[in-house]
Amino acid sequence: ERTKGMPGLPPGPRGLPLVGYLPFLRSDLHSCFADLARIFGPVMMMKLGSRQCLILSSPEAAKEVLRDHDATFANHDITVAARILTFGGQDMAFQPLSPMWRALRKVSVRELLNARTLDSFRTLRQQEVTLMAKELHRRTGVPAAVGQMVLITSFNVLTAMLWGNSLAADELERIRGEFWELVVGIIDLLGVTNVSDIFPILERMDLQGVQQKMKQHKEKLDGILSTVIDRRVRTVNTRGDQEKAQDFLQVLLELVKKEDPRDQHLTVDNIKGLFTNMITGGTDTTSTTIEWAMAEMIGKPETMRKAQEELDSVVGKEEIVDESHIGKLPYLEALVKETLRLHPPVPFLLPRYPTTTCNVGGYIIPKGTKVFINVWSIHRDPAVWENPLEFKPERFLSGMSKLDYYGNNFNFIPFGSGRRICVGITLVEKMSLYILATMLHCFDWSLPDGTKLDLVEKFGIVLKKEKQLVVIPTTRPSCAKLRE
Ligand code: HEM
């Protein structure tokens, strides 16, 4: 609708009064939005309940929002469930663009997620990944839920990086046992279309019980985080400053104590919110990536064979992978990129909203519109990708070889782009390649007899396999080293 040469709202499907287009959406929202974009175009608007929503489905439209209007769209839209989980939005991901967001992001990069600090955790990663490989070795020939195992490994690495050995071994063991279900439950709830978000007036009624369930998960998580923090404060109080650990938790606790007005004052809830972001945002995404990579390779065995041949020649058939090999494995790197292209773990990024009314694609976008960037459909756009539905790591070795994870080319943005780009990319690059390299170098993988591979997706804030992948490891020569 354009009047007198003024830009109008973007085109989109008309809905019903009050509910908008909500009753017509399918549960596989990513592919439903992609189907609608084929009719209405890559800049599409629809009303869901009382909320105006913008859906962008082309690299050009994504670029306009994430680069040209980066500052205007730099806020993530917080849902009712996310607010409960993040201690009222005290985390990094749902903090509006503000001094607090800057302080949380800065301290995370300076003290944890930079190349030098991450290198200092190399032995820790090696220990945890070797433990996982040993466990798989013990279970040779027995079906294994690989996603679940990778999730636990990522959790162990990440939490040791966050708070060192703040917990006693038995406490840690108990938490690890509960953790898988907790994260899966949280991620599932974050992906539910909650009517409380669409009709804020209904929030108090919590019609689907989402808020109630999220409160229970949050209480569990809060229990774990409070124990970790209390233990640390008590240890420092009894043993004194000399013996205190110099890890990320300690740096954050010092910032809570600091009263210098030039520093952004942090609260304990900020620490808990930040840890919640990293634990929930950094584990399930990594394990989902590995699970999809394994599933695609099972479906196309020559890709697994090529990755194993590369590993055999770089690492040596009877040696064990270590992180120094990672930069020398271009095929494996391409394989992970191809997985993130076909199965971007966060299919809409974290939805944004503009803080002022602005123009995108020649249309007017009202302030506060919820913006979904459909990365899943951008990554499958036939105008950009040849045979987009084919799993073909080679494309990242030739035509698309320059694409990286840093959001500079809008054809490939699995981690987003601009100032709100994922803060954990460096860690993901190390962890996902290292885990996958170890799994492929130590084992061959096959489906249990009588089962068939399926690649059915389940939409959510994280785009998972509907059925978890269960596969059987059989040993390769390098496994002998695991016994040493
Ligand atoms: C395969 C793994 C991962 C994927 C695909 C992924 C993807 C994403 C995406 C798409 C965003 C939103 C970006 C945007 O809005 O433009 C994001 C944000 C974020 N990610 Fe990741 N992520 C992964 C792993 C991690 C890890 C390991 C960590 C931390 C240890 C992490 C921490 C965060 C945080 C804190 C944010 C919010 C950043 C901000 O708002 O400034 N992520 N991630």
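## Cys 422 and the iron atom

In this predicted model, Cys 422 is placed in the loop that runs between α15 (375-378) and α16 (425-442). Cys 422 also serves the ligand: its SG atom is the single donor that the protein offers to the iron atom, at 2.3 Å.

## The largest pocket

The largest pocket encloses about 740 Å³ of space. Its lining consists of 35 residues. Those nearest the centre of the pocket are Leu 29, Gly 191, Val 192, Thr 193 and Phe 459.

Several helices and strands each give at least two residues to this lining. The helices are α3 (80-85), α8 (169-190) and α9 (195-198), and the strands are β2 (51-56), β8 (370-373) and β10 (457-458). Sorted by class, the lining comprises 21 nonpolar, six polar and eight charged residues.

## The packing of α12 and α13

Helix α12 spans residues 268-299, and helix α13 spans residues 301-315. Their axes lie 4 Å apart and form an angle of about 110 degrees. Angles of 65 to 115 degrees count as roughly perpendicular, and α12 and α13 are therefore roughly perpendicular to each other.

On the α12 side, the contact involves Met 297, Ile 298 and Gly 299; on the α13 side, it involves Pro 301, Thr 303 and Met 304. Four of the residues in this contact are nonpolar and two are polar, while none is charged.

Notes. Residues numbered from 1 in each chain as written. Predicted model: local features only at pLDDT ≥ 70, side-chain atom pairs only at ≥ 80, totals over all residues. Heavy atoms only, no water. Axes fitted to C-alpha atoms, helices over the stretch in contact; angles between N-to-C directions. Parallel < 35°, antiparallel > 145°, perpendicular 65-115°, else oblique. Contact = heavy atoms within 4.5 Å. Nonpolar A, V, L, I, M, F, W, Y, C, P; charged D, E, K, R; others polar. 1 Å grid on protein atoms, 1.4 Å probe; cavity = no way out; pocket = protein on both sides within 12 Å on 5 of 7 lines; lining within 4 Å. Points joined across faces, edges and corners; volume = space filled by probe spheres on them. Donors = N, O, S within 2.8 Å, 3.2 Å for Na, K, Ca; no water.
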